[in-house]
Amino acid sequence: MSQALEKILPLSFRNYVSNIPVYQYYKGYLSYRNAYKGKTKAIYVVGSPEHDNLGDHAITYAQMNFLRKAFPDYTLIEIVANRLMHNMKCLEEFCTPEDIFVLQGGGNFGIEYFREEEVRRKIISEFPNNKIIVFPQTIYFGDTELGRAEFKKTQDLYGSHKDLTLVAREATSYEIMKAGFRNNAVLLTPDIVMSLDITEPQKQRHGALLCIRADKESIFGDQDKRTIESYTAKHYSSITFTDTCIERPVSVQDRDMELNTLWDQFKGAEVVITDRLHGMIFAAITSTPCIALGNYNYKVVGSYEWIKHLGFVKFTNKLDDIPGLLEELKQLEYPRYNNEFSTAHYSQIIQAMSGSPAEAAAASSIVTA
């Protein structure tokens, strides 16, 4: 954000406090644009969370980091998902055709977390003349009557937008999107959190960290979890338990602190065992040896394809594989994450956001799994 704009806006858009109406900041932003004859452009990052899932917060963190570097001439304006309707009047009044909408990436493209789908539908329907891009997502509507009906609604709405790009974060979602959204550009890239490298500063490592989910996406019962713990205890004297869901809301202001607290846990472990997608990704970006276990859909195994070359992250669907994998990972010396593999993939996003709809469509023809 420019110094001139900071003078008008006493707090950055990203860090506004919840009891101050966002409308005040839009008014200041509009004044700034008028003063500089429309030369300032905005990227609205819509749908960020304030719930307890730090995987989703990491996505927003990575999106903002990526956009700030890729589009330094744009002002980034973050709009939390549960405040979208409160801010629609501001958006409708102050948005210009040159502005771009970035819709939150993640694993909520479907009916499992329907509020996020409603957020996307609202932006896509209300801003037909703006460039819109959905950051890397897993799509899962399910083969039910409700799932098929809602998928059809999404297809019809998304297909009617003239400049909408969808980004899948694994191959299965890419194939579903390519087949189901023929009027839209569709890209394939890694989850945007893989663009980060949080290895430094390094910490002294000790013991194992178990990050096993306890929600509807888990496929492991209590006995399975006891088996995982038993296998781990035979190799490590110290076991710590954590989760990417921390059972308390996380505000925009607290996001960085909460993420760094969790990342420090990963940095302090000799090995991580997890069935969380972002448990696996957090292990990768902190250079922590990891055993990743499958969940009920394809998002973990699909995303593993991007990082299996690292060598220090292993995937299995069989609990009996854990002892052998623990032995294998113990032999590794000083593994180090390198995010350079992701640069070419993410360049498709930059190209799609920078060019015309035709150029976005051309970028969508590049499959780089």
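This passage walks through one buried serine, the salt bridges, an enclosed helix and the empty spaces of a predicted model.

Ser195 is a handy place to start. This serine sits in the loop that runs between β7 (185–188) and β8 (208–211). With a relative accessible area of 16%, Ser195 comes in under the 20% limit and so counts as buried. Its side chain reaches the backbone oxygen of Ile192, at 2.6 Å. Leaving aside residues up to four places away in sequence, Ser195 touches Ala62, Asn339, Ser342 and Tyr346.

The β7–β8 loop also holds one end of a salt bridge. Asp197 pairs with Arg336, and the closest N and O atoms are 2.8 Å apart. Asp197 lies in the loop between β7 and β8, while Arg336 belongs to the loop between α12 (322–330) and α13 (343–354), so the pair ties together parts that are 139 residues apart in sequence. Both ends are partly exposed: Asp197 has a relative accessibility of 32%, and Arg336 has 40%.

Now for the other charged pairs. Side chains of opposite charge can pair when their charged atoms come close, and the count here comes to 19 salt bridges. Glu258 and Arg248 make one of them, with 2.9 Å between the closest N and O atoms. Glu258 is part of helix α9 (residues 255–267) and Arg248 is in the loop between β9 (239–242) and α9, so this bridge ties together parts that are 10 residues apart in sequence. The two partners sit in unlike surroundings as far as accessibility goes: Glu258 is buried, at 10% relative accessible area, whereas Arg248 is partly exposed, at 41%.

A further bridge stays inside a helix. Glu126 is bridged to Lys122, the closest N and O atoms being 3.4 Å apart. Because the two are four residues apart in helix α5 (residues 114–126), about one helical turn separates Glu126 from Lys122. Glu126 is partly exposed, with a relative accessible area of 33%, and Lys122 is partly exposed too, at 25%. Beyond single pairs, there is also a network of salt bridges that links Glu117, Arg120, Arg121, Glu150 and Lys153.

On to burial. Helix α11 (residues 299–307) has seven of its nine residues buried, so the helix is largely enclosed by the rest of the structure. The buried ones are Lys299, Val300, Gly302, Ser303, Tyr304, Trp306 and Ile307. As for what covers these residues, the list includes the strands β5 (131–140), β7, β11 (290–293) and β12 (313–316), along with the helices α10 (277–285) and α13.

That leaves the empty space. Rolling a probe the size of a water molecule over the atoms shows where such space is left. The largest pocket has a volume of about 450 Å³. Its lining is made up of 16 residues, and those nearest the centre of the pocket are Arg205, Pro289, Leu332, Tyr334 and Pro335. Sorted by type, the lining of the largest pocket has seven charged, six nonpolar and three polar residues.

Closed-off space turns up as well, in the form of three cavities of 30 Å³ or more. The largest cavity holds about 80 Å³ of space. It is lined by 13 residues, and Gly107, Glu112, Tyr113, Tyr140 and Tyr296 are the closest to its centre. The elements that give two or more residues to this lining are β4 (106–110) and β5, and β4 gives the most, with four residues. By type, the lining of the largest cavity splits into five nonpolar, five polar and three charged residues.

The second largest cavity comes to about 50 Å³. Val46, Gly47, Leu103, Gln104, Asn108, Glu116, Val119 and Arg120 form its lining. Here β1 (41–48) and α5 are the elements that give two or more residues, and the largest share, three residues, comes from α5. This lining divides into three nonpolar, three polar and two charged residues. Arg120 thus appears in two settings: in the lining of the second largest cavity and in the network of salt bridges with Glu117, Arg121, Glu150 and Lys153.

Note on methods: Residues numbered from 1 in each chain as written. Predicted model: local features only at pLDDT ≥ 70, side-chain atom pairs only at ≥ 80, totals over all residues. Heavy atoms only, no water. Buried < 20%, exposed > 50% of the residue type's maximum accessible area, 1.4 Å probe, protein only. Polar contact = N/O pair within 3.5 Å; in protein donor to acceptor, adjacent residues only side chain to side chain. Contact = heavy atoms within 4.5 Å. Salt bridge = Lys/Arg side-chain N within 4 Å of Asp/Glu carboxyl O. 1 Å grid on protein atoms, 1.4 Å probe; cavity = no way out; pocket = protein on both sides within 12 Å on 5 of 7 lines; lining within 4 Å. Points joined across faces, edges and corners; volume = space filled by probe spheres on them. Nonpolar A, V, L, I, M, F, W, Y, C, P; charged D, E, K, R; others polar.
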